[in-house]
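Thanks for coming, everyone. I would like to walk through one structure today, taking a surface patch, then the pockets, then the salt bridges.

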Amino acid sequence: MIFSPLISKPDNVAQIMLKVLLALLPGIALYVWYFGPAILVSITLASLTALGTEALMLRLRNRPIAPFLKDNSALLTGWLLALSIPPLAPWWLVVVGTAFAIAIAKHLYGGLGNNMFNPAMVGYAVLIISFPMQMTHWLAPHGLGQGLVLAELSFAEQLQYIFFSVLPHGLTLDAITMATPLDTLKTHLHLEESVQQILNMPIYGQIAGHGSEMVAWGFLFGGLYLLASRIISWHIPFTYLATLFVIAGIFHLVDPTQYVAPLFHWFSGAAILGAFFILTDPVSSPTTNKGRLIYAAGAAFLTYMIRTFGGFPDGVAFATLLMNICVPLIVLYTQPKVFGKKSPVNKNMGDKP
């Protein structure tokens, strides 16, 4: 026998944020498998900084601390920022970026629910503009070092570099780090090499970058979990990936020697992470379904333009922030009409004899 009520209770903010954090775990696990456990250090530092800064700002604003710390929103901001920066980033870089994201991008606008911009992407933008050198030290995936004459660090050696900037004797930073697949592609295209020549380099795998493409699969799996759980709707991730695919496909068909195939853009950089975890931020994205389609399509277009013609190898963060600016206008013009309410033009016309 089935008893009422039959309507399930919706998840609260803490439960929703927790499910998003859980959805990130497959990608993080693959990140650790291919690139080592240094990313866990960055996530831990970002989590502690996010919670500490959140508590400090709540105290300064005379708000209750415990309820807001338990909503997991600060943790999610810290995790997304940590996943967006190099895992060998010095400890202070993670702390500065996370503290700025929470204190300025979130609480300066009034806290959760009031921030205009995605806090994690604001923190990322500040770091890449202020500390461009430190933001380029990406680790090579396991097993690739021999082909590129790169050395691999143990976890203890990674910790030593993160906290003390000390490397084992005889090693330099160039010997343990490498450019990202997107950065490598852009650099070699400027050297007038063809796409086919570039993709034959050992840094690339079956679809995109060796190792990084598998991490993207992990985030895709987590994103599908969010869709199945109805934590997010299909509008933003589907439209973003579809638009990115179409734009990249057009350029690739026009000149395959200079423009990579669409799937490369899907599984390189932060495209999958952005589609399911960043652009879908419920606060800084549109509330209307039609608005979400416009927002996601615009973000995909900007991502491709920045990647292909801009000065940064990956454009997800800046595309997100630029579209965040447009959200109020998008929502204004995509709000459904209220039943029975006349538009100002029709109302004025109706008043005339």
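**Surface, pockets and salt bridges**

L263 has a relative accessibility of 37%, so L263 counts as partly exposed, a class that lies between buried, under 20% relative accessible area, and exposed, over 50%, with a 1.4 Å probe and protein chains only. Before going on, I should say that this is a predicted model, in which local features need pLDDT of at least 70 and side-chain atom pairs count only at pLDDT 80 or more, while totals for chains, interfaces and linings use all residues. Residues are numbered from 1 along each chain as its sequence is written, and side-chain values use heavy atoms, with hydrogens and water left out.

L263 sits in helix α13, residues 262-266, where helices are DSSP runs of H or I with at least four residues, strands are E runs of at least two, and both are numbered from the N terminus. Together with F245, V246, I250 and V254, L263 makes a nonpolar surface patch of about 450 Å². Helix α12, residues 235-254, gives the most to this patch, with four residues. For the patch, residues need over 30% relative accessible area and no salt bridge, and nonpolar side chains (Val, Leu, Ile, Met, Phe, Trp, Tyr) are joined within 5 Å, whereas like charges are joined within 9 Å.

Turning to the pockets, the largest has a volume of about 800 Å³. Of its 39 lining residues, those closest to the centre are S84, W138, T180, G269 and D314. A pocket here is an open set of points on a 1 Å grid where a 1.4 Å probe fits, with protein on both sides within 12 Å along at least five of seven lines, and lining residues have an atom within 4 Å of a point. Helix α11 provides the largest share of this lining, four residues, and by class the lining has 28 nonpolar, nine polar and two charged residues.

How many salt bridges does the structure hold? There are two, each defined by a side-chain nitrogen of Lys or Arg within 4 Å of a carboxyl oxygen of Asp or Glu. In one of them, K106 and E54 meet at 3.0 Å, N to O; K106 lies in helix α5 (residues 91-106) and E54 in helix α2 (residues 38-60), so the pair ties together parts that are 52 residues apart in sequence. Both K106 and E54 are buried. R307 and D314 meet in a salt bridge at 2.9 Å, N to O, and these two residues are buried as well.

Key. Areas by Shrake-Rupley, 256 points an atom, 1.4 Å probe, with all protein chains shown as cover. Points joined across faces, edges and corners; volume = space filled by probe spheres on them. Nonpolar A, V, L, I, M, F, W, Y, C, P; charged D, E, K, R; others polar.
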